[in-house]
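Here's a quick walk through a structure, from its domains down to a pair of helices. Have a look at it first.

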Amino acid sequence: MIRDTWRIVRLGLKSLMLHKLRSSLTTAGILFGVASVIAMLAVGEGAKREALEQFRSMGVSNIIARSKKPPETQQSSTQSSFSALAYGLLYHEADLVQSALPDAKVVRIREIKRPMMRGEHFQASIVVATEPEFLGVANMSVFEGRWLTDTDEMVLANVCVLGAKLAQSLFPLEEVLGKTVLVGSDDRYEVVGVLRDQGRSAGAAGVTYDECMFVPMSTARRRIGEEIMTSTGGSFSRERVELNEIKVKLPDSDEVPMAANILRDLLLEAHKDQDDVAITVPLELLQKEEESKRMFNIVLAVIASISLLVGGIGIMNVMLATVTERTREIGIRRALGAKKKHIIQQFLVEAGVLSALGGVVGVGIGIALPHLITAWFGQKTITLPQHVLLAFGISAAVGVAFGIYPAWRAANMDPVEALRHE
Amino acid sequence: MAVDPASAASLTRDTEVIAEFVDVHRHYRMGDNIVRALNGVSMQVRRGDYLAIMGRSGSGKSTMLNLLGCLDRPTSGEYRVGGRDISRLDDDALSDVRGREIGFIFQSFNLIPQLTVLENLEVPLFYQGGVGPESRKKAEYLADRVGLGQRLEHKPLELSGGQQQRVAIARALMNDPLFLLADEATGNLDSNTEQEILALFDDLQKDGVTIVIVTHNPAVALRAERTLWLKDGQVERLDDNRSEAGRAAAEAAARSHGGAQ
Ligand SMILES: Nc1ncnc2c1ncn2[C@@H]1O[C@H](COP(=O)(O)OP(=O)(O)O)[C@@H](O)[C@H]1O
Ligand SMILES: [Mg+2]
């Protein structure tokens, strides 16, 4: 059985070698189809992972409410030249959220842009004023030293915890713990801890948490306050923001949809007029991303099917030509005792070998291509073994499927007519 | 001595009948007309026979060859191969009969060009599921037997016409068929090579191989023991070429039929 199959495959190869150029060109059709399917799936998978990773780092059981600057039109109506522009989440709104969602962990976050100095090392970054619960809610961990405590909060301690990257840039050589960092022009904070490098994109105001400094909320309220002066284009403007963000962590991601509704009712309703709060639900984004990924996959599948269809038509074309050219051979084989099934088998195997050859080379190129894409375009790619198998399986199936009709034609020739064929 | 077809059996040797037509008709429908290519043919081939089938163009030779080779089925009548009526068998069963019982030899050799000589020889065995170490031995034996020598790994187109026909003859013998069925086997060969191939047929027949040849060449037909003349789809006469009288009659008939095809 295996010997016979091998024999048929070997003889199939011999027959394909009769027309090397034609066979290679046909094979190329399948090759590009398979290679592009694998490469497209790898790019799609890489992009999906990247997006999912980003949303997951925000926490799938989290809901994030952020303050945002109201649109210009509303600013002018509410802001006099003397008073500060006040907008965003209010300190006490976190308490409202907490009482509406008693099982959730609610964390207040205030973000202030500040220059930071240690010796001659300088870094403009963000001071994140927050509460002890933050660490767990943001799913971060301590690398050395300790995190902010309730005591720090209570005594308005002048302590800070540094993100890994910030620690690296302020203390490239020194021991970090116990040292002080100068924030702004006159605030000094003692470093009590350094966080583990998260390598994630989620963070505050376009900066990752790895680059931030964390201080107790109470300390920041006392020392920095809520009003911030900024100068833009020569004119000063003052902003009054109590909180930049309220992070809510639910005990389970199942509770996210309902909690999201409650938060929207509670916060968006109150900030409707000023339109200065936005709510982000990572789970929803995740689901949306998965949805759009599904669409993307369908589009990929259609493109892939079309390219393989074109390859398949090429195979059918070549096999029909082969069958016509080898009519005499078919007659001879029939005269020598071949049944219809033998003829079908022979030409199906030839078509299968043709496309499988394309499949094998296509798999090779399809595995190599994503590496080049990553190298040239920096696009993350992931080649899954099941995608490779799928692409190869489809290519072999295409060969057989498009080989059926030519093989059937060959088998159903009248042996007498076939033998008479010139 | 020309004989009446009905008494044809009296001419044949007293051996087993291996192929037999019993009132075989083969009609083709051509629009509204029916062409009676074979119109009631009865004949027998016995083990060890060497039979030539001759006749004018359109007399029904090719039709008869196709039926004898089980490539086609009679419209009516019986065709018995090895005692079994095969005229109603289906395509698969007919293929088996071809593969097992009949050794085809064609005018244009009909070797498969992309296969080596050995692989060509193995084709009939392959469809009977019999390709293995023994098939190579058998191929070597038969290649030797037909005077081909050591050319098993050559491709057909590297061989001369005579050598190709020897390969075809060896291939026809691979399955130990009941009879060889040759269709104008020397038609593509020069006269020297033709004589070599006919000598090989004589040789094989001496060893007990049954041979049926279809030809339009009287000289070739005369090498057979008997000549069956077809005319208008019927057996016109059956000559015994081994008897003086039969031979004379056959030669006369051959002359009168001249360039019959
Ligand atoms: N496939 C066919 N369809 C219709 N008529 C045919 C076919 N084959 C043969 N014939 C007719 O049958 C008759 C016998 O033909 P054939 O057996 O080829 O004779 P021969 O081989 O002796 O020349 C001829 O009249 C021919 O035209
Ligand atoms: Mg003819």
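Chain A splits into domain 1 (2-54 + 288-420) and domain 2 (62-249), with bounds taken from an automatic or database domain assignment. The centres of domain 1 of chain A and domain 2 of chain A, taken over C-alpha atoms, sit 58 Å apart.

Keep in mind that this is a predicted model, where local features need pLDDT of at least 70, side-chain atom pairs count only at pLDDT 80 or more, and totals for chains, interfaces and linings use all residues. Residues are numbered from 1 along each chain as its sequence is written, chains are lettered from A and ligands numbered from 1 in the order in which they are written, and side-chain values use heavy atoms, with hydrogens and water left out.

On to chain B and its helices (DSSP runs of H or I, at least four residues, numbered from the N terminus). Helix α1 (residues 61-68) of chain B is mostly covered, with 7 of its 8 residues buried (under 20% relative accessible area, 1.4 Å probe, protein chains only). Among them are B:M64, B:L65 and B:K61. Just after α1(B), B:C70 has a positive phi of about 60 degrees.

Now for α3(B) and α4(B), whose axes come within 10 Å and cross at roughly 120 degrees. The two are therefore oblique to each other (not under 35, over 145 or 65 to 115 degrees). Their contacts (heavy atoms within 4.5 Å) look like this:

| Helix | Residues in contact |
|---|---|
| α3(B) | B:L118, B:L121, B:E122, B:L125 |
| α4(B) | B:S135, B:R136, B:A139 |

By class, that contact has 4 nonpolar, 1 polar and 2 charged residues.

How values were computed: Axes are lines fitted to C-alpha atoms, for helices over the stretch in contact, and angles run from 0 to 180 degrees between N-to-C directions. Ala, Val, Leu, Ile, Met, Phe, Trp, Tyr, Cys and Pro count as nonpolar, Asp, Glu, Lys and Arg as charged, and the others, Gly among them, as polar. Buried means under 20% relative accessible area, exposed over 50%, partly exposed in between (1.4 Å probe, protein chains only).
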